[in-house]
Amino acid sequence: MNVRITGTGSSLPGKILTNAELETLIDTTDEWITTRTGIKERRIAADGEYTSTFAAEAARRALAMAGVEPEEIDLIILGTVTPDFPFPSTACIVQDLIGATNATAFDLSAACSGFIFGLSIAEKYIRSGAAKKILVIGSEILSRIVDWQDRNTCVLFGDGAGAVVLEASEGDHSLLSTHTFSNGTYWNLLYQPGSGSRNPATDSRTIDERRIYLTMEGNDVFKHAVRAMEEAAVKALDANGLTTSDISLLIPHQANQRIIDATAKRLGLDSGRLFTNLHRYGNTSSASIPIALDEANRQGVLKPDSKLMLVAFGGGFTYGSALINW
Ligand code: ACO
């Protein structure tokens with residue numbers, strides 16, 4: 001049984017925070033942010049907007065494109081590190097919001113690789129016959145866990161959601177492979193120290209010592225990200241007997257233009273075969289690849305039978321790839 005992406009959708013907050021506005025909030029410049037990251041602006045959720053809000057809207061748009069009713073969905077997998085609540089899962093809230101009454105729903109924690117890990121699980125459900133129609137979603141409101149006093153991190157991130165509908169299919173327009181990897185040795189190079197069981201949100205020191213916010217060793221993360229995304233892409237090519245020249249488009253995790261360019265260079269991919277939108281959204285973690293995939297799809301960039309590579313890297317560390325015959 002093959003696994004086809006039959007619908008894509010995305011949803012972003014209306015509020016845009018530009019680099020120029022950030023200049024008025026912290027000690028930074030548009031020039032620094034643009035040259036170091038490629039980011040020009042990001043979207044920020046408003047009061048009353050939650051991770052489930054954007055996840056549900058992205059899911060509705062993906063379902064509409066696929067022509068699938070919510071009741072037909074067997075499984076909802078939602079990648080996020082910024083759930084509405086520690087529990088229940090945000091996936092269950094999305095199930096309720098969209099009326100996917102027959103689905104099993106759960107969240108998946110793999111940071112920026114959450115969407116690729118979700119695709120990999122969904123692929124296995126469908127190939128085994130355990131499910132026929134699956135929603136895989138990446139949704140984040142990172143603006144609520146970044147420290148707006150820390151210029152090293154707050155300029156990098158944004159909010160939003162993307163989703164796909166996957167269906168069992170007999171045709172060739174299919175996921176060809178997914179590969180996932182983890183390297184827990186480096187878990188503390190990119191993480192949120194507070195609000196879990198080690199530094200509970202109920203402990204006043206968690207707030208007083210600013211442990212509630214995301215923290216990152218940027219230079220180390222940069223080096224690991226480039227090497228890991230290359231490895232994940234090469235694994236996918238080797239598994240399918242393909243080379244870089246067979247790839248029509250690479251949609252990498254949208255963290256930093258310099259990470260993307262360095263990864264593409266190591267793979268020997270020219271910029272014409274790269275899809276990026278991080279200048280408009282910043283790093284939206286698990287949402288970044290499905291948002292970019294939806295934009296590429298709706299812009300008609302993806303041609304039937306073209307080979308599409310998705311590759312991600314994130315906290316954990318986690319990394320992975322998906323190769324698709326579109
Ligand atoms: N504005 C102005 N100056 C800044 C800012 C800012 N926003 N942030 C840091 N600086 C300063 C630093 O304080 C430092 O000043 P100093 O030399 O006086 O101490 C100087 O700029 C250089 O800092 P570096 O950290 O060396 O800058 P670098 O060129 O490494 O860029 C960056 C930092 C952009 C974070 C880079 O390391 C990076 O992109 N890392 C990858 C991290 C990433 O993308 N993580 C996302 C999550 S992981 C993922 O999604 C893959």
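# Briefing: contacts, core and helix packing

Setting aside neighbours within four places in sequence, His-224 is in contact with Tyr-186, Leu-189, Phe-313 and Phe-317. This is a predicted model. The points below start with His-224 and the nonpolar core, then turn to two helices that cross, a covered helix and a loop residue.

**His-224**
- His-224 sits in helix α8.
- Is His-224 buried or exposed? Its relative accessibility is 17%. Buried means under 20%, so His-224 counts as buried.

**The largest nonpolar core**
- The largest nonpolar core has 43 residues.
- Val-155, Leu-250, Met-309 and Phe-313 touch the most other members. One of these, Phe-313, is also a contact of His-224.
- Two helices, α8 (218-239) and α9 (257-267), each supply at least two residues of this core. Strands β12 (307-314) and β13 (318-325) each do so too.
- Which element gives the most to this core? Helix α8 does, with 9 residues.
- In soluble globular proteins, nonpolar side chains tend to be buried together.

**Where α3 and α4 cross**
- Helix α3 covers residues 51-66, and helix α4 covers residues 90-98.
- Their axes come within 9 Å and cross at roughly 55°.
- That angle is neither under 35 degrees nor in the range 65 to 115, so α3 and α4 are oblique to each other.
- The crossing of α3 and α4 is right-handed.
- On the α3 side, the residues that meet α4 are Thr-51, Ser-52, Ala-55, Ala-56, Ala-59, Arg-60 and Leu-63. On the α4 side, they are Thr-90, Ile-93, Val-94, Leu-97 and Ile-98.
- Sorted by class, this contact has 8 nonpolar, 3 polar and 1 charged residues.

**Helix α11**
- Helix α11 spans residues 288-298 and is mostly covered.
- How many of its 11 residues are buried? The count is 10.
- Among them are Ile-289, Pro-290, Ile-291 and Leu-293. Asp-294 and Glu-295 are buried as well.
- Just after α11 comes Gly-300, which takes a positive phi of about 75°.

**Tyr-50**
- Tyr-50 is in the loop between β3 (41-44) and α3.
- Tyr-50 has a relative accessible area of 44%. Partly exposed lies between the 20% and 50% limits, so Tyr-50 is partly exposed.
- Neighbours within four places aside, Tyr-50 is in contact with Asp-84, Ile-141 and Arg-144.
- Tyr-50 and Leu-175 are 125 residues apart along the chain. Their C-alpha atoms are separated by 30 Å.

Note on methods:
Residues numbered from 1 in each chain as written. Predicted model: local features only at pLDDT ≥ 70, side-chain atom pairs only at ≥ 80, totals over all residues. Heavy atoms only, no water. Axes fitted to C-alpha atoms, helices over the stretch in contact; angles between N-to-C directions. Helix = DSSP H or I, 4+ residues; strand = E, 2+ residues; numbered from the N terminus. Parallel < 35°, antiparallel > 145°, perpendicular 65-115°, else oblique. Left-handed = near helix turned anticlockwise from the far one by under 90°. Contact = heavy atoms within 4.5 Å. Nonpolar A, V, L, I, M, F, W, Y, C, P; charged D, E, K, R; others polar. Core = buried A, V, L, I, M, F, W, Y, C linked by side-chain atoms within 4.5 Å. Buried < 20%, exposed > 50% of the residue type's maximum accessible area, 1.4 Å probe, protein only.
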